[in-house]
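Get your viewer ready and keep the sequence panel open beside it. We'll go from one selection to the next and say what turns up at each stop.

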Amino acid sequence: MTLSGYGFSSPPLIVLGAGGHAKVVVALLRALGADVKGVCDPGLVSTSITSWRGLEVLGGDEVLQRHDAGSVALVNGLGQVVGSSRRKDMFLELKARGYQFPSLVHPTAWVDPSVELGEGVQVMAGAVIQPDVTIGEDTIINTGSRIDHDCIIDRHVHVAPGAVLCGAVRVASDVFIGAGSTIIQGLSVGQGAIVGAGVTVIRDLQARRVVVSSPVRIHESKYPIQPKKS
């Protein structure tokens, strides 16, 4: 089940979570004209908020017990944070209970018809995915990222805003690819690896490894600040 700018059909949707990533997901759903039933978030319930970004706050996690898995579909609004498996754990738990997670494609994204999207994949605004790419379930292709031809991306991966995967890159599961980074064509990134923001990867990255750019050093400027002209 894929919801995209090219038309879709789906049961009513419930958004899980109400953080920063959920805001972007809700914007995507509104751009698609999707039927959103409401949002579930225990944090909102504890503050007695009844509406969030124009959506009804349905309650906490217990709400899903009142909805048959065939009557609604779920949208994972939890972001993938380095060092946390919460997004993945929630997806796997609810999928095991029979709930479906449609893949989402923003109307401004360009996705070649040959691309294969797994369940729950989220393709954000301005992303480009070229021919013969395969993307595994629950993966985020975030704002303005670029996935070139023949890349294979496994499950539970986050390709952060502005990242670039050149042709035929292989990315294993649970990888985090930081904002503005580039992975050169034909390389492999092992399971659970982390590519830091702005890094250019020029050789294979083994599982559980972290690659970051040189630390930025901030010094006091030797040049005087010019006063603003009135």
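How many residues does helix H1 have, and how far does it reach from its first C-alpha to its last? Select residues 20-32: that's H1, with 13 residues and a reach of 19 Å, close to the 18 Å expected at 1.5 Å a residue. (That expected span is 1.5 Å times one less than the number of residues.) Helices here are DSSP runs of H or I with at least four residues, strands are E runs of at least two, and both are numbered from the N terminus.

Some ground rules before going on. This is a predicted model, in which local features need pLDDT of at least 70 and side-chain atom pairs count only at pLDDT 80 or more, while totals for chains, interfaces and linings use all residues. Residues are numbered from 1 along each chain as its sequence is written, and side-chain values use heavy atoms, with hydrogens and water left out.

**Stop 1: around H1**

Stay on H1 and show the side chains of His 21, Ala 22, Val 25, Val 26, Leu 28, Leu 29 and Leu 32, which are buried. Buried means under 20% relative accessible area, exposed means over 50%, and partly exposed is in between (1.4 Å probe, protein chains only). Now look down the axis of H1: its buried residues fall within an arc of 160°, so they line one face of the helix. The arc is taken from the directions that run from the helix axis to the C-beta atoms. Step just past H1 to Gly 33, which has a positive phi of about 70°.

**Stop 2: residues 13-62**

Widen the selection to residues 13-62, where UniProt, in an unreviewed entry, places "domain: PglD N-terminal". UniProt positions follow the numbering used here, feature names are shortened, and annotations may be inferred rather than shown by experiment. The span is 36% helix and 32% strand, and its end C-alpha atoms lie 16 Å apart.

Inside it, pick strand S5 (residues 55-59): four of its five residues are buried, so S5 is largely enclosed by the rest of the structure. Add strand S3 (residues 36-40), which pairs with S5 in the parallel sense over two bridges; pairing requires that DSSP finds at least two bridges between the strands. Val 39 has Val 57 in S5 as its bridge partner.

Next add strand S4 (residues 51-52), paired with S5 in the antiparallel sense over two bridges. Here Ser 51 is partnered with Glu 56. S4 and S5 make a hairpin with two residues between them, and Arg 53 in the turn has a positive phi of about 50°.

**Stop 3: His 149**

Which residue does UniProt list for "active site"? It's His 149, again from an unreviewed entry. Find His 149 in the loop between strand S14 (146-147) and S15. His 149 is partly exposed, with a relative accessible area of 37%. Leaving out residues up to four places away in sequence, His 149 touches Gln 130, Pro 131, Val 133, Gly 167 and Ala 168, where contact means heavy atoms within 4.5 Å.

**Stop 4: a five-stranded sheet**

From that loop, move on to S15 (residues 152-153), which two bridges join to strand S18 (residues 170-171), running parallel. Ile 152 stands opposite Arg 170 in S18. Both strands belong to an open sheet of five with the order S9-S12-S15-S18-S21 and parallel pairing. Its edge strands, S9 (116-117) and S21 (188-189), each pair on one side only.

**Last stop: zoom out**

Show everything: the protein has three helices and 24 strands. The C-alpha trace spans about 60 × 55 × 35 Å along its principal axes. Of the 230 residues, 45% count as buried.
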